[in-house]
Amino acid sequence: MGRPHEGKRALVTGGGRGIGAAIARRLASDGAHVTLTYVGSSRDADRVVRGIQSAGGQARAVEAYARQVGASAAAVAAVADDLGGLDILVSNAGVNVSKPIADLTDDDYAAVFDINVRANFEIMRAASTVMKKGGRIIAITATIANDYFAPGLALYGASKAAVNGLVQGWSRDLGPKGITVNAIVPGPIDTDMNPDHSWLAHRLKKRVPLGRYGQPDEIASLASFLSSEEAGFITGARIVVDGGMTA
């Protein structure tokens, strides 16, 4: 059985760690030539790239600060120019600012919405202009968009809800071009930003019927499926992966 993404060109934002790194590794193992973005230090991204290459896959890392206007579109252009096109986009980069409402600043608002919403708008728009029939766009959002389980999460939740809206609307816009647009909506996933041994994890696990945190590879497997030809009739979907927490 051949690899489902053999010869495809993929871009994964925020691919240096956590969910993004798992998705980059999975797409590469399934045959895609993966470009992953990072911001600041290249150490984590380089580690992911070396791991993919040592396993026989194709990958590279490019720096792209999502808050900088034009950076996300430039990453798309770099893949399209260097590899001759783009087949898969996984928009994963994001940021969270968690504070009481009285402590939030205008810059907090701008940072969250610049990175989580405007950059998603920018990169999905850019991808749609270079993708051909069969293209796949996937946004990584969060259950917090509809499930505010703790105070201080309003900005993050609102930004992810906005991305869900873009996914639903653009699935209609891009459907006639044969491009699918979907959202993966993770609940509690074990990453360095949200480890499964924190005080919050102990609280959240009580709400999860499966009684545990999810693993990044469990998000990556879904991302790979949604990127495949088998998922060609799935678009405009928000697929929740939270162990039943919001069921």
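# Notes on the strands, cores and rings of this model

1. In β4, I88 stands opposite R136 of β5. Strands and helices are taken here as DSSP runs, numbered from the N terminus, with at least two residues (E) for a strand and at least four (H or I) for a helix. This is a predicted model, in which local features need pLDDT of at least 70 and side-chain atom pairs count only at pLDDT 80 or more, while totals for chains, interfaces and linings use all residues. Residues are numbered from 1 along each chain as its sequence is written, and side-chain values use heavy atoms, with hydrogens and water left out.

2. The pairing of β4 and β5 rests on 4 bridges, and the two strands run parallel; strands are said to pair if DSSP finds at least two bridges between them. A further opposite pair across these two strands is V90 with I138. On another side of the pairing scheme, β1 is joined to β4 by 3 bridges, again in parallel, and there A10 stands opposite I88.

3. β5 is also joined to β6 (residues 180-186), by 5 bridges and in parallel. I138, which stands opposite V90 of β4, stands opposite N182 in β6 as well. The connections between these strands pass through helices: β4, α4 (residues 106-130) and β5 make a right-handed β-α-β unit, and β5, α5 (residues 154-174) and β6 make a right-handed one too. Right-handed means that, with the strands pointing away from the viewer, the path from the first strand over the helix to the second runs clockwise.

4. Is β5 largely enclosed or not? Because 5 of its 5 residues are buried, β5 is largely enclosed by the rest of the structure. Buried means under 20% relative accessible area, exposed means over 50%, and partly exposed lies in between, with a 1.4 Å probe and protein chains only. In a regular strand the side chains alternate between the two faces of the sheet. In β5 one side carries R136, I138 and I140 and the other I137 and A139, and all of these are buried. In β4, I88 and V90 point one way, L89 and S91 point the other way, and all are buried.

5. The largest nonpolar core has 30 residues, of which V12, I23, A24, L27, V34, V90 and I184 touch the most other members. A nonpolar core is a set of buried Ala, Val, Leu, Ile, Met, Phe, Trp, Tyr and Cys residues joined through side-chain atoms within 4.5 Å. Among the elements that give two or more residues to this core are β1 (9-12), β4 (88-91), β5 (136-140) and α7 (216-226), but α1 gives the most, with 7 residues. Apart from this core lies another, of 23 residues, among them L11, V79, A139 and I179.

6. V90 is a useful residue to look up in the structure. Leaving out residues up to four places away in sequence, V90 touches L11, V12, T13, I23, L27, I138 and I140; a contact here means heavy atoms within 4.5 Å.

7. How many aromatic pairs does a search of the whole structure find? The search finds 2. Rings of Phe, Tyr and Trp (its six-membered ring) pair if their centres lie within 6.5 Å, and planes under 30 degrees apart count as stacked, over 60 as edge-to-face and the rest as tilted. Y109 and F113 form a stacked pair, at 4.6 Å centre to centre with 25° between the planes. Being 4 residues apart in helix α4, these two are separated by about one helical turn, and Y109 is partly exposed at 46% relative accessible area. The rings of F121 and W170 have centres 5.7 Å apart and planes at 35°, so this pair is tilted. F121 in α4 and W170 in α5 are 49 residues apart, and their pair links distant parts of the chain. F121 counts as partly exposed at 32%, whereas W170 is buried at 18%.

8. A charge over a ring can be inspected at K205, whose charged end sits over the ring of Y213, 6.0 Å from its centre. The cut-offs are NZ of Lys or CZ of Arg within 6 Å of the ring centre and within 35 degrees of the ring normal.

9. K133 lies in the loop between α4 and β5 and is exposed, with a relative accessible area of 76%. Leaving aside neighbours within four places in sequence, K133 is in contact with K177 and G178.
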